[in-house]
Amino acid sequence: MYPYLLPEIFGKTIPMYGIMTALGYLAAILYCLHYKQRLGLKKEQLLDIIFYLILGALIGGKLFFMLLNWDSFNASSLIEKLRYGFVFFGGLIGAAAAGFWAVRKNHIPFFKAADFFAPAVALGHSLGRLGCFFAGCCYGKEAPEALGVHFTNPDSLVPAHLHGHTLYPVQLIESVLVFGLFLVLNKLSQKSRKRGTLSAVYVLGYCLIRFFTEFLRADDRGAFVAGMSPSQIISLLLAGAMTIFLIKRTYAKKTNDNI
């Protein structure tokens, strides 16, 4: 694949991962701005919340990456620890924490805001995963010739000994599945539902996607427990929690919509 944008711009190489991540954020922001009336906020207020969501996502994603991969870093170099790598679940948790504070500051119920942002997050994430494909990170295991792709670019993050081998295109698979999740969420968002339902469907849906795509990945994802990666363990825990939440939300006669 092509880790950098071709041709160079002003003699500088621009990582495709960064470009696709930026496009993902842009698509999510435009989606939110298009439907901002659902939250009843002015453009400036919405952008303020989005700023804190992105900040929380970046900090959370980086912290989780450092925790899961601490042994692979040079402990004497803090700059090296801050230079690369993010974990999606860390970003999701960081965004939720920052978002809780930001939406409460703007007097918006948390679940109402979470439901509003859920489709946008899925849309942005589907584009961001394409950046992983270009960069070669999150690469897959060796696959049958008809089901895989080849990474040959020397700048690819796929290890050199796997260059030219047929690997599962895990990044593309997850991108397509998450985009499908976005379409489902966008359709569900067009009808009034109990608050928290849409965001719970998003988390549950992504956890199921991530749990199964992890079986196809070959990159280093931290220490395994009972044959499962950290992301699979988190996926199972969150999927269980969201299932219980949805059941309670579905059958509850009254819900606290002020949360």
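In the predicted model, the aromatic side chains of the chain form a total of 16 aromatic pairs. One of these joins F110 and F111, whose ring centres are 5.8 Å apart and whose planes meet at 55 degrees, so that the arrangement is classed as tilted; F110 and F111 are both buried. A further tilted pair is made by F179 and F182, with a centre-to-centre distance of 5.6 Å and an angle of 40 degrees between the planes. Because F179 and F182 are three residues apart in helix α6, which spans residues 170-188, about one helical turn separates them. The two residues of this pair fall into separate classes of accessibility: F179 counts as partly exposed, at 36% relative accessibility, whereas F182, with a relative accessible area of 9%, is buried. F179 and F182 also belong to one aromatic cluster together with Y31 and Y35. Within this cluster, the face of Y35 carries a charged neighbour, since R38 lies over the ring at 4.0 Å from its centre.

The wider architecture of the chain consists of eight helices and two strands, which follow one another from the N terminus in the order α-α-α-α-α-β-β-α-α-α. Of the 259 residues in the chain, 45% are buried. Among contacts with a separation of 6 or more, 66% are between residues 24 or more positions apart. The surface exposed by the chain amounts to about 14100 Å², of which carbon and sulfur atoms supply 68%. A nonpolar patch of about 380 Å² on this surface is made by F51, L55, I59 and L63. Of these patch residues, I59 is placed in helix α2, residues 43-68, and is partly exposed, with a relative accessibility of 45%.

Five salt bridges are present in the structure. In one of them, the side chains of D48 and K105 meet with an N to O distance of 3.1 Å. As D48 lies in helix α2 and K105 in helix α4 (residues 88-105), this pair ties together parts of the chain that are 57 residues apart in sequence. Both partners are classed as partly exposed, with relative accessibilities of 25% for D48 and 39% for K105.

Charged pairing is also found where R217 takes part in two salt bridges, one with E214 at 3.2 Å, N to O, and one with D219 at 2.7 Å, N to O. R217 and E214 are both buried, the relative accessibility of R217 being 4%. D219 is likewise assigned to the buried class, with a relative accessible area of 11%, because residues under 20% are counted there. These salt bridges form part of a network that links R210, E214, R217 and D219.

E214 has a further neighbour in S229, which is in contact with E214, R221 and F224 when residues within four places in sequence are left aside. S229 is found in the loop between helix α7, residues 197-213, and helix α8, residues 230-251, and is buried, with a relative accessible area of 0%. The contacts of S229 thus include a residue, E214, that is itself linked through salt bridges to the network containing R210, R217 and D219.

A buried glycine provides a further point of description in helix α4, where G90 is found. The relative accessibility of G90 is 1%, and this residue is therefore counted as buried. Not counting residues up to four places away in sequence, G90 touches G60, G61 and F64. The C-alpha atom of G90 is separated by 7.2 Å from that of A57, although G90 and A57 are 33 residues apart along the chain.

Technical notes. Residues are numbered from 1 along each chain as its sequence is written. This is a predicted model: local features need pLDDT of at least 70, side-chain atom pairs count only at pLDDT 80 or more; totals for chains, interfaces and linings use all residues. Side-chain values use heavy atoms; hydrogens and water are left out. Helices (H or I, at least four residues) and strands (E, at least two) are DSSP runs, numbered from the N terminus. Buried means under 20% relative accessible area, exposed over 50%, partly exposed in between (1.4 Å probe, protein chains only). Contact means heavy atoms within 4.5 Å. Patches are made of residues with over 30% relative accessible area and no salt bridge: like charges are joined within 9 Å, nonpolar side chains (Val, Leu, Ile, Met, Phe, Trp, Tyr) within 5 Å. Accessible areas come from the Shrake-Rupley method with a 1.4 Å probe; for residues, only the protein chains shown count as cover. A salt bridge is a side-chain nitrogen of Lys or Arg within 4 Å of a carboxyl oxygen of Asp or Glu. Rings of Phe, Tyr and Trp (its six-membered ring) pair if their centres lie within 6.5 Å; planes under 30 degrees apart count as stacked, over 60 as edge-to-face and the rest as tilted. A charge sits over a ring if NZ of Lys or CZ of Arg is within 6 Å of the ring centre and within 35 degrees of the ring normal.
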